[in-house]
10 protein chains.
Amino acid sequence: MTPIMDKADAAALIVAARIRKQLSWADIAAELDAPKVWCVAALLGQHPLTAEQAQKVCTFLDLDDAVRESLQLQPARGIDPALQSDPTIYRFQEALAVYGPALKELIHEEFGDGIMSAINFNIDVRRRPDPDGDRVVVTFDGKFLDYRW
Amino acid sequence: MTPIMDKADAAALIVAARIRKQLSWADIAAELDAPKVWCVAALLGQHPLTAEQAQKVCTFLDLDDAVRESLQLQPARGIDPALQSDPTIYRFQEALAVYGPALKELIHEEFGDGIMSAINFNIDVRRRPDPDGDRVVVTFDGKFLDYRW
Amino acid sequence: MTPIMDKADAAALIVAARIRKQLSWADIAAELDAPKVWCVAALLGQHPLTAEQAQKVCTFLDLDDAVRESLQLQPARGIDPALQSDPTIYRFQEALAVYGPALKELIHEEFGDGIMSAINFNIDVRRRPDPDGDRVVVTFDGKFLDYRW
Amino acid sequence: MTPIMDKADAAALIVAARIRKQLSWADIAAELDAPKVWCVAALLGQHPLTAEQAQKVCTFLDLDDAVRESLQLQPARGIDPALQSDPTIYRFQEALAVYGPALKELIHEEFGDGIMSAINFNIDVRRRPDPDGDRVVVTFDGKFLDYRW
Amino acid sequence: MTPIMDKADAAALIVAARIRKQLSWADIAAELDAPKVWCVAALLGQHPLTAEQAQKVCTFLDLDDAVRESLQLQPARGIDPALQSDPTIYRFQEALAVYGPALKELIHEEFGDGIMSAINFNIDVRRRPDPDGDRVVVTFDGKFLDYRW
Amino acid sequence: MTPIMDKADAAALIVAARIRKQLSWADIAAELDAPKVWCVAALLGQHPLTAEQAQKVCTFLDLDDAVRESLQLQPARGIDPALQSDPTIYRFQEALAVYGPALKELIHEEFGDGIMSAINFNIDVRRRPDPDGDRVVVTFDGKFLDYRW
Amino acid sequence: MTPIMDKADAAALIVAARIRKQLSWADIAAELDAPKVWCVAALLGQHPLTAEQAQKVCTFLDLDDAVRESLQLQPARGIDPALQSDPTIYRFQEALAVYGPALKELIHEEFGDGIMSAINFNIDVRRRPDPDGDRVVVTFDGKFLDYRW
Amino acid sequence: MTPIMDKADAAALIVAARIRKQLSWADIAAELDAPKVWCVAALLGQHPLTAEQAQKVCTFLDLDDAVRESLQLQPARGIDPALQSDPTIYRFQEALAVYGPALKELIHEEFGDGIMSAINFNIDVRRRPDPDGDRVVVTFDGKFLDYRW
Amino acid sequence: MTPIMDKADAAALIVAARIRKQLSWADIAAELDAPKVWCVAALLGQHPLTAEQAQKVCTFLDLDDAVRESLQLQPARGIDPALQSDPTIYRFQEALAVYGPALKELIHEEFGDGIMSAINFNIDVRRRPDPDGDRVVVTFDGKFLDYRW
Amino acid sequence: MTPIMDKADAAALIVAARIRKQLSWADIAAELDAPKVWCVAALLGQHPLTAEQAQKVCTFLDLDDAVRESLQLQPARGIDPALQSDPTIYRFQEALAVYGPALKELIHEEFGDGIMSAINFNIDVRRRPDPDGDRVVVTFDGKFLDYRW
């Protein structure tokens with residue numbers, strides 16, 4: 001008996017295959033017929049794939065059964081703390097530091113006491129052309145949950 | 001000579017006036033003719049107001065000159081660490097923990113090596129009706145900046 | 001204009017009134033016709049009260065309008081870090097350290113990939129008589145939310 | 001002489017065997033005739049098994065003597081800090097942050113000065129059907145211990 | 001209504017009275033007819049006093065009703081983090097760092113899987129004369145609690 | 001040239017040999033003619049053994065020269081931080097949080113300004129039978145050192 | 001006897017006077033005939049002023065003797081941790097995270113084993129016009145100190 | 001399929017080759033026709049190289065394809081925390097602690113509310129001869145970005 | 001009854017009196033006939049003074065009885081964490097980071113297993129003239145204590 | 001190409017050779033004709049050796065070329081955090097906590113505003129015989145550097 005391959009190791013193999021085969025994440029998402037952010041997050045280890053999805057990815061990228069098995073594993077979600085200060089990710093943290101309390105006020109004003117779910121939730125990233133320089137537009141979209149005893 | 005009123009104290013007085021006068025943040029933003037998230041963030045201490053904006057807010061809310069002066073002060077930006085674990089704010093952190101590395105991958109794929117600016121940046125929050133329960137939709141919109149030596 | 005009384009200060013006055021009037025939390029919860037844990041948490045500052053509830057509590061405990069106003073404020077939720085190591089609270093943390101990963105496994109086995117909501121959620125504490133020493137029984141009861149894109 | 005297999009390594013092999021043999025934790029708990037949460041926690045490394053229990057598990061899952069030996073080892077209990085922010089586990093932390101001080105107040109009111117034991121203690125998780133969505137119900141049940149000099 | 005005096009403030013007044021009246025902690029413990037360590041810990045804020053004990057202390061030390069009331073309050077137990085590195089306290093931490101794992105091994109060997117209770121527990125400190133320099137002898141004495149599902 | 005075996009690795013081999021040979025720590029301490037807590041702490045890596053002691057232990061447990069050499073190494077003392085929250089060890093920390101400041105007061109009252117040495121120090125753990133449940137009794141015994149310029 | 005005014009309080013009064021008198025930092029530096037960065041750092045509390053400089057600043061800004069006395073005090077240098085994440089300051093931290101190890105390599109290559117002094121040191125900030133947007137140019141200039149036994 | 005070589009491992013091989021071939025960083029930067037600080041930072045793993053640059057470096061240093069592939073990978077930027085307290089790097093941190101708030105004031109005075117970009121940014125280090133001991137001069141040069149909604 | 005003045009407040013008054021009376025620490029140490037470092041440390045709150053010493057200092061500096069009383073109080077020793085990064089203090093930390101393990105090796109080589117006492121200990125600081133720039137010479141002098149069971 | 005041996009690995013081999021050849025650090029320092037503390041610190045990885053010194057050490061201790069190469073590498077200086085709480089090292093930290101602010105006051109009084117260099121610096125440890133028990137005497141000796149703009 002051997003342990004199931006760690007999801008971080010599976011992700012490293014997926015990244016290697018993607019680069020060596022000169023595929024984009026968009027290509028892989030298209031193959032899986034899945035939303036792009038979900039797909040990348042899942043392949044990096046944040047969501048389990050179904051058996052069928054795992055098979056498809058591994059066939060597409062020529063990866064073996066150990067990867068296929070790992071991708072179906074229920075993940076322990078979270079971020080490598082070292083990544084929190086990567087500049088591309090940190091700017092989101094900084095935006096939340098500056099605007100987080102304002103979002104809280106406006107969510108309570110609009111919806112009452114509660115939260116935006118991060119579970120019944122999706123997220124999208126897209127490019128918006130702009131003559132002053134194109135823009136990154138990221139949309140968080142989660143169900144409102146009210147505190148309900 | 002007395003020190004300029006701390007922006008946190010000014011914010012507390014604005015919050016008190018808003019509640020006692022039964023005004024919404026939307027009412028105040030309308031009075032200032034400013035975007036809602038910017039306006040709430042600024043009044044909570046994250047952006048300086050112009051002299052004219054500060055005057056308008058203080059007149060609208062019957063607040064005195066000490067508040068007016070404080071609102072124009074250049075802020076030291078950031079979040080009270082105790083607020084980071086407030087559930088309404090924490091869900092955004094959790095979403096970034098789960099999806100942050102995927103956003104990084106997709107930004108690099110779409111734009112090349114760089115970041116979404118958190119300075120040349122705006123953010124909006126709105127309600128999206130949904131038969132399964134209305135949704136909170138938050139949009140981050142920042143200029144892409146490429147690493148440019 | 002004065003700031004609204006901090007919820008921690010309001011809680012300190014409620015605790016003082018409760019002790020000096022020799023009332024139990026159960027008495028106050030009965031007066032409010034509210035579940036006990038919800039009621040204590042709310043009066044300690046973790047939930048907003050309606051205007052009517054706030055009025056009722058302040059009348060019952062002879063507290064003034066500043067407390068009444070504070071109790072209706074939307075809270076910033078969280079715990080004083082110093083309380084985390086209080087032995088009565090720490091034992092819950094320790095139980096989660098020992099059994100948390102097992103709960104995660106069993107929730108995934110029974111419900112699939114998702115979480116127990118801490119928002120659509122209630123909690124109860126009761127005494128269970130036992131000849132070997134009575135027992136504290138605490139029940140967490142939250143809606144299951146599945147990861148749903 | 002070789003060191004005894006680390007309990008984390010034994011747990012990884014148990015997880016792998018469970019998945020490959022398509023067994024549920026409930027199947028394993030039934031085989032051991034042990035409560036479910038106890039059983040999962042023990043197999044993940046939080047409780048020692050008796051020689052007989054360890055033998056039974058290893059036979060059931062086709063695991064070798066190194067696992068059997070490891071499972072009987074006295075554990076050093078605790079949680080991998082990275083797991084504390086997994087959303088499924090974090091919601092329990094959040095519930096304790098919001099309700100912990102209230103639990104403390106009510107335990108003292110009902111029992112006097114003391115704690116709920118986390119040692120003379122058991123815990124159960126079950127599904128409660130609900131038309132608005134089924135619920136996760138977790139029960140902590142520990143002996144009350146009073147401060148007794 | 002005023003809040004109940006904080007236990008730290010009550011402790012500061014007790015310390016001041018003790019010094020100005022040139023009383024020892026032993027004198028106060030004798031007056032209360034209580035064990036010395038318990039008594040000092042309680043007066044520093046770690047245990048509640050009965051109404052009778054609180055009255056006795058305040059009469060003995062000429063302290064007023066606010067102190068008397070505070071001493072009866074249920075405490076939130078714990079240590080000021082700044083005190084953890086005071087050399088007199090730190091040496092106990094260091095001894096636990098060096099000998100803690102050995103104590104764990106020997107408790108498990110002698111009693112089986114479990115802990116020494118810190119609740120059903122007492123502690124004593126005394127001087128043991130020694131020609132090479134007198135010694136501080138501190139005895140921890142707690143009920144053994146076995147892990148019992 | 002190979003590095004000297006790490007004391008943690010030597011400890012893991014000693015633990016394995018002890019369990020497989022069904023020896024108690026008491027048996028090993030007797031073989032070494034050493035106090036029990038000292039002996040376990042030393043074998044876990046907190047004290048150096050003499051050449052003779054190291055030889056005796058390795059002969060008794062059938063361990064090889066690499067272990068013998070490692071046991072004589074001067075240690076870097078301290079505790080694995082993960083062990084600090086093991087419940088059996090944590091209860092000592094909790095007792096120090098509750099009683100540490102009281103011990104400090106009483107040491108100063110009895111001995112003057114100074115500390116209990118953790119170097120010229122010994123510690124013992126024993127079982128005290130008690131009809132209400134046997135008790136763990138741990139005695140810290142260290143030379144008093146006064147601040148002496 | 002009253003304590004000397006805290007340098008943070010003196011800084012707050014200087015900031016208030018500067019704003020109300022509509023003076024720039026450059027005006028104050030010119031009045032003191034001192035480099036701009038040194039001057040602002042000193043007035044914010046990071047360097048002591050001479051008696052003459054302190055007098056000049058207080059006359060210029062109409063501040064009283066308590067401020068004058070405080071400005072001459074030897075400072076305890078350092079930064080308010082909350083400021084470390086202010087975006088304007090954080091970008092310098094980020095630049096050091098990305099380029100710090102490279103600076104270390106190049107300092108060692110050019111000068112040998114040693115450091116740039118932060119004591120025998122000055123720093124300047126200026127604007128460099130650029131058609132693509134003006135640039136902030138900050139120059140660190142410190143004496144090289146070699147490790148010299 | 002094998003994972004792509006970690007950028008830290010690639011950096012270690014580049015450092016080894018540079019030393020064994022007795023090349024300076026300046027030699028390598030010249031070969032790449034790139035600024036020195038950018039070049040060292042990139043080879044230590046903070047910037048991706050183009051395929052051509054990666055090829056050139058590996059040919060120059062006799063390194064194999066695994067290194068070449070790794071150098072082109074998009075990095076996760078940041079610093080090993082252990083390096084933050086290396087004296088050569090720490091002095092920059094200390095200078096920012098002492099002068100950071102002053103830089104913030106002067107940037108706001110000169111440019112208005114905003115930041116120096118760390119992305120549209122370059123940095124240089126050079127020796128300035130000085131009769132009192134040569135000096136390390138480091139220039140940060142980043143585009144000013146104003147807060148622009 | 002009022003609390004005894006905090007030692008930090010007493011220290012602030014001593015510092016103010018020393019500066020306003022234009023006395024050096026050396027003058028005060030001479031008045032007390034005490035070693036300089038001990039004297040400054042004690043007046044900053046790290047050692048208790050005798051009644052006679054406290055009286056002498058307060059007479060010398062024209063300070064009142066509240067200070068005199070505070071100076072005799074048994075201290076809780078330790079450092080304000082903000083001071084740890086003051087450059088004058090930090091250099092000692094850095095020296096210990098670089099040379100601490102070497103000191104440990106050499107103490108063990110010279111004395112055997114044990115420590116330099118920080119209790120039976122004194123410390124001195126003096127100037128050593130040097131043509132290349134005078135030097136700060138600090139001598140730690142503590143009794144060796146061997147691990148003695 | 002292989003990476004250069006890590007300095008920690010080289011140190012482990014030096015320690016092993018020193019013990020197995022029954023040499024003291026003093027013997028090695030004599031062979032190198034270097035000060036003892038410098039020599040031990042350098043061999044533990046805190047200073048680079050010259051090619052000649054590295055050769056001499058490796059010949060003396062029969063170590064191979066990989067060690068010789070590693071010893072000449074420019075170090076990243078600092079301490080393993082786990083060592084900070086080793087009792088022999090911690091006592092120095094404790095002494096700095098108690099006396100650091102006093103050293104700061106006296107350095108400023110004697111030399112003016114500045115620091116003791118930790119770079120142009122040496123340190124010595126020696127035994128001072130004393131009838132009450134020999135003493136460890138450690139001397140820090142660093143050039144005074146004044147804040148000089």
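Let me start with the sheet shared by chains I and J, where four strands form an open sheet in the order E1(I)-E2(I)-E2(J)-E1(J), with antiparallel pairing. Strand E1 (114–128) of chain I and strand E1 (114–128) of chain J stand at the edges with a single partner strand each, so one side of each has no neighbour in the sheet. From one strand to the next, the twist averages 20°. As for the terms, two strands count as paired if DSSP finds at least two bridges between them, while helices (H or I, at least four residues) and strands (E, at least two) are DSSP runs numbered from the N terminus.

This is a predicted model, in which local features need pLDDT of at least 70 and side-chain atom pairs count only at pLDDT 80 or more, whereas totals for chains, interfaces and linings use all residues. Residues are numbered from 1 along each chain as its sequence is written, chains are lettered from A and ligands numbered from 1 in the order in which they are written, and side-chain values use heavy atoms, with hydrogens and water left out.

Staying with chain I, 11 bridges join E1(I) to strand E2 (residues 135–146) of chain I, and these two run antiparallel. Within that pairing, Arg128(I) stands opposite Arg135(I) in E2(I). Helix H6 (residues 87–111) of chain I packs on the sheet, where it touches E1 and E2 of chain I as well as E1 and strand E2 (135–146) of chain J, and its direction makes about 20° with that of E1(J). Contact here means heavy atoms within 4.5 Å, and the angles, which run from 0 to 180 degrees, are taken between N-to-C directions of axes fitted to C-alpha atoms, for helices over the stretch in contact.

Chains G and H also share an open sheet of four strands, in the order E1(G)-E2(G)-E2(H)-E1(H), again with antiparallel pairing. At the join between the chains, nine bridges connect strand E2 (residues 135–146) of chain G to strand E2 (residues 135–146) of chain H, and Gly142(G) stands opposite Val136(H) in E2(H).

Now to chains F and E. What rotation superposes chain F on chain E? A rotation of 180° does, with 0.0 Å of shift along its axis and an RMSD of 0.0 Å, the fit being by least squares on the C-alpha atoms of residues with pLDDT of at least 70 in both copies. The two copies are therefore related as by a two-fold rotation axis. In chain F, the C-alpha nearest that axis belongs to Thr139(F), 2.2 Å away from it.

The contact takes 67 residues from chain F and 67 residues from chain E. Of the interface residues of chain F, 100% are also interface residues in chain E, so the copies meet through the same surface. The size of an interface is often given as the accessible area lost when the parts come together. Here the buried area (accessible area, 1.4 Å probe, lost by two parts on being put together and summed over both) is about 6500 Å², with carbon and sulfur atoms giving 67%. Tyr99(F), Val136(F) and Phe140(F) lose the most area to chain E in chain F, together 11% of what that side buries.

Across this interface there are 12 salt bridges, a salt bridge being a side-chain nitrogen of Lys or Arg within 4 Å of a carboxyl oxygen of Asp or Glu. One of them joins the side chains of Glu110(F) and Arg127(E), at 2.7 Å, N to O. On the side of chain F that touches chain E, H6(F) gives the most, with 24 residues.

Chain J and chain F meet as well, through 15 residues from chain J and 12 residues from chain F. They bury about 1200 Å² between them, 61% of it on carbon and sulfur atoms. In chain J, Leu13(J), Arg20(J) and Tyr99(J) lose the most area to chain F, together 37% of what that side buries. The count between these chains is one salt bridge, and the side chains of Glu69(F) and Arg20(J) meet in a salt bridge at 2.6 Å, N to O. Six residues, the largest share of the side of chain J that touches chain F, come from H1(J).

Chain J is superposed on chain F by a rotation of 72° with 0.0 Å of shift along its axis, at an RMSD of 0.0 Å. These two copies are thus related as by a five-fold rotation axis. By contrast, no contact joins chain F and chain H, whose closest C-alpha atoms lie 18 Å apart.
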